[in-house]
Amino acid sequence: MPTVAPLDLEGHCVAAVFLGDVPHFALADGAIHRLDNGHKTIQANDGLLAAFHDAANDRLITGGEDGKVFAVKTGGEATEVASAGKKWITSVAAGPQGAVAYATGKTAFVRFADGKTREFAHPRSVEGLAFSPKGMRFGVARYNGATLHFPAAEGKPVELEWAGAHTGITFSPDGAFLVTTMQENALHGWKLVDGKHMRMSGYPGKVKSLSWSVKGKWLASSGAPAAIVWPFSGKDGPMGKAPLELGTRGNTMVTCVACHPSQDVVAIGYEDGMVIAARFADAKEVLLRRQGKGAITAMMWDREERRIAFGSAAGDCGVIDITA
């Protein structure tokens, strides 16, 4: 049975990540806790609204109610990288060459590693941000679709239209597909080479968590009593194919998913605090953590693939060691 090292905190956990091999937990009040030879804390934002794990640079990008964007590195060093005055930072993302994107209201900004910043205005509020893994371009989730910008070049953005409110956004690891979460209980996708639509609907709840498998062949999602895992191995993505349903529990919803770094396995967190791991090939399940306080809101595997950091809406955080 895996062992759990608990960390009982107060408040909603926005992000649970490993920086280096140290687990960090970012809470909604802006405090960032870490388990580094004992429990240590630093204060970044005054009120945290968004966080993004920048794997390439081993840092956590945070944005908050104080209008500031911070980069947090292992050891607890928090550096302010951008400020938007008194406006709330509602979304953040990190991209190639150290670029950081952040959004406030109807405007998205990209700050390059050299400190230069470009701004991109939109007719409606910017709901989500993501950089493409290929080349310098980033996507904005907005009302009635998504917009693709090329911040290092001049030229018109690419508009991808689909009616409804799009709240979050992600590129597939090969850059071929763009997927948004929607206010409706659905995902929407575009095949970027030809703009072909992909509808992924039928969820009983809102999808708040997405995770791509190691080579981008699968996209795991929350929002149902099972992890809904869509196949993206074909050239048209999941169109005409049924998703896998992993870790089905009749009485509680999946609230968080985190795919394994190298295997076709997903960690699944539930509304009642339970965490299990499920294998795509045969749906075999392993219980990683029993029920706890609050819905699981954040999870991440470590680089050695033996630990998972997790956090809940009630501050019930910790580290699961699956090798124990």
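Two residues are in contact here when their heavy atoms come within 4.5 Å. Keep that in mind as we walk through this model, which is predicted.

Let's start with His33, a residue of strand S4 (residues 31-35). Setting aside neighbours within four places in sequence, His33 is in contact with Leu7, Leu9, Pro23, His24, Phe25, Leu27, His39, Lys40 and Thr41. Its relative accessibility is 10%, so His33 counts as buried, the cut-off being under 20%. Two of its contacts deserve a closer look. The side chain of His33 makes a polar contact with the side chain of His39 at 2.8 Å, and another polar contact, of 3.3 Å, links the side chains of His33 and Thr41.

Now step back to the sheet that S4 belongs to. It's an open sheet of 4 strands, running S2-S3-S4-S5, with antiparallel pairing. Strand S2 (13-19) and strand S5 (39-43) sit at the edges with a single partner strand each, so each has one side without a neighbour in the sheet. From one strand to the next, the twist averages 20 degrees. At the S2 end, S2 pairs with strand S3 (residues 22-27) over 6 bridges, in the antiparallel sense. Look there for Ala16, which stands opposite Phe25 in S3.

Further along the chain, find Asp316 in strand S30 (residues 316-321). Is Asp316 buried or exposed? It counts as buried, because its relative accessibility is 10%. The side chain of Asp316 reaches the backbone nitrogen of Lys293 at 2.7 Å. Not counting residues up to four places away in sequence, Asp316 touches Leu7, Asp8, Arg289, Gly292, Lys293, Phe310 and Gly311. Leu7 may ring a bell: His33 is in contact with Leu7 too.

Conventions:
Residues numbered from 1 in each chain as written. Predicted model: local features only at pLDDT ≥ 70, side-chain atom pairs only at ≥ 80, totals over all residues. Heavy atoms only, no water. Pairing = 2+ DSSP bridges. Helix = DSSP H or I, 4+ residues; strand = E, 2+ residues; numbered from the N terminus. Axes fitted to C-alpha atoms, helices over the stretch in contact; angles between N-to-C directions. Buried < 20%, exposed > 50% of the residue type's maximum accessible area, 1.4 Å probe, protein only. Polar contact = N/O pair within 3.5 Å; in protein donor to acceptor, adjacent residues only side chain to side chain.
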